[in-house]
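The following exchange examines how several structural labels are justified. Each answer sets a computed value against the criterion that applies.

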Amino acid sequence: PAKKNTRGSLFKRKNFGHAVGLPGSLVQGKGSELGTMAPPPPARKFGAPLFFCSFTDSDANDEVVLGGGGGASKTGVANRLLLVKVDEEKATHVTGAHQCRLECDPSAEVHTGSLTTVNGVWVKGKPYFVAVLSGGDGLVKYQLKKSGQGGKKDGEEKETFNKLEINKSNISSFKQAAISSIASNNLGTQIAVGFDTGKIVIYEASKLDEVKEFNPKKHSQIPDKGGIMSLSFTFCGTKVAAVKGNGFAFVWDTAASGKNEKAASVTVFQSPVPGGMFRGCYSYDLPKSKKLFCMGLNIKGRSMLTSWSLEKEGKGKKLVLKRKVNAHKAALTALAGYSSLSPVRKGAVGSKGKCLVASASSEGEVSVYSLEHNLTCLVRVPNAHMIFTTCVNFSNDGSRLVSVSADAGARIVTVTKSGDQVKLEQNLMIALFMFLLVIFLYYFVL
């Protein structure tokens with residue numbers, strides 16, 4: 001009888017998953033199959049829809065720039081760029097992905113008049129960022145400057161936004177059409193700008209002189225309609241991945257192009273799922289100069305992440321699908337990547353570095369994946385924002401992620417686990433399952 005009661009209680013226990021200590025920390029803030037967890041703390045609100053976010057060049061990864069607003073001045077909602085400090089929670093009960101939050105009040109701000117910051121990029125390895133405005137000159141460069149005005153706050157000098165001068169002869173190039181996307185190369189020497197006409201222009205980062213351009217009208221395989229919604233340089237900077245607003249995606253070989261090229265090498269992505277539309281891109285390199293691309297894919301109200309390899313095919317190139325995983329049960333709205341293989345990253349360790357990608361959905365969910373571990377999910381926050389997420393970006397060391405939304409909220413997600421740790425947990429779960437299966441077969445079948 002004792003033996004029977006023992007095995008009966010072993011398999012009839014309702015909370016068996018928690019009793020054996022199965023890991024359930026991948027899902028933050030939502031009930032999982034392993035039990036119900038507390039919801040995440042609410043995102044910080046800053047009074048207006050936010051469309052741009054980026055960590056600064058601070059070595060401490062403790063401050064972010066946020067941009068957004070209400071558009072035209074008649075809305076009554078201010079258009080601002082904000083500098084906000086990251087506050088590490090001191091409470092012992094706050095752990096995991098939510099151990100850091102943004103401070104309630106910005107430490108600095110600048111008003112952008114009737115123009116809204118709709119996008120931007122912190123130029124890698126440089127002390128400035130380029131903001132994309134909804135009109136006007138189109139691009140504006142800002143640098144954070146220490147200021148003695150207003151005294152010192154918490155023992156530190158106050159920082160202010162310092163607008164950098166741009167050669168007036170270059171402004172006409174920015175005004176040729178509305179700017180829809182922007183990206184920096186890994187050396188911080190060039191930025192790529194995508195226009196709503198489908199044109200891509202590469203500028204020298206410091207003076208913003210035009211270097212090269214891509215005109216879709218000169219390429220029969222590229223549809224004319226659809227602006228450039230996402231851009232990403234490869235590690236060496238000789239290729240640019242681009243995603244258009246109509247879901248079309250391609251790789252532009254800039255090394256084969258002059259300033260006004262007519263026959264640049266273009267390689268097109270093909271959706272692995274009928275009706276799939278690409279959304280967001282990130283380029284990264286693995287050892288032996290292997291170029292890979294992580295692409296978001298929307299299919300009928302849900303989304304996936306896919307990884308692709310650029311390989312030789314005769315005299316040309318082809319893109320080969322390597323991996324696809326489910327991302328969100330809603331459309332993907334934002335994607336960003338991080339690689340410690342970049343030469344501007346401190347502590348880069350060659351092929352042993354980490355490569356991460358973050359995605360966010362139209363329902364406010366935010367997730368982080370490990371690229372070198374076959375897109376294994378490291379952390380998922382289902383209720384990060386109330387409505388669709390507009391932008392995500394990693395810190396300089398890849399340990400934190402900032403996300404913003406049209407609900408005026410901004411959030412910091414801490415990446416507490418590596419791909420190796422998650423893989424180990426998965427292997428332990430498999431081993432535990434096999435152990436329990438053996439016990440079940442021994443007592444109830446054999």
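**Criteria and values**

In this predicted model, the protein chain has an accessible surface of about 21,300 Å², and carbon and sulfur atoms hold 53% of that area. Of its 446 residues, 50% count as buried. The chain contains four helices and 29 strands.

Q: Why is the aromatic pair of Trp 122 and Phe 129 called stacked?
A: The two ring centres are 5.4 Å apart and the planes meet at 20°. Pairing requires centres within 6.5 Å, and stacking requires planes under 30 degrees apart, so both conditions are satisfied and the label applies. This pair belongs to the 15 aromatic pairs found in a search of the whole structure. Both Trp 122 and Phe 129 are buried.

Q: What makes Phe 129 and Tyr 142 a stacked pair?
A: Their centre-to-centre value is 5.7 Å, with 25° between the planes. The first value lies within 6.5 Å and the second is under 30 degrees; therefore the pair counts as stacked. Phe 129 and Tyr 142 are both buried.

Q: Why does the pair of Phe 129 and Tyr 142 tie together parts that are apart in sequence?
A: Phe 129 lies in strand β8 (residues 128–133), whereas Tyr 142 lies in strand β9 (residues 139–153), so the pair links parts 13 residues apart in sequence. Phe 129 and Tyr 142 also belong to one aromatic cluster with Phe 52, Trp 122 and Phe 161.

Q: How do you know that strands β21 and β22 pair?
A: Eleven bridges join β21 (residues 302–313) to β22 (residues 316–328), and the two strands run antiparallel. The criterion is at least two bridges, so the strands pair. Trp 308 stands opposite Leu 321 in β22. The strands form a hairpin with two residues between them, and Gly 314 in the turn has a positive phi of about 65°.

Q: Which residues have pLDDT under 50, and why does that call for caution?
A: Residues 29–37 stay under 50, with 17 contacts beyond four places in sequence in the model. Residues 342–351 also stay under 50, with 22 such contacts. Where pLDDT is low, predicted coordinates should not be read in detail. For the chain, the average pLDDT is 83, and 80% of the residues score at least 70.

How values were computed. Residues numbered from 1 in each chain as written. Predicted model: local features only at pLDDT ≥ 70, side-chain atom pairs only at ≥ 80, totals over all residues. Heavy atoms only, no water. Phe/Tyr/Trp six-rings, centres within 6.5 Å; stacked < 30°, edge-to-face > 60°. Buried < 20%, exposed > 50% of the residue type's maximum accessible area, 1.4 Å probe, protein only. Areas by Shrake-Rupley, 256 points an atom, 1.4 Å probe, with all protein chains shown as cover. pLDDT = per-residue confidence, 0-100. Contact = heavy atoms within 4.5 Å.
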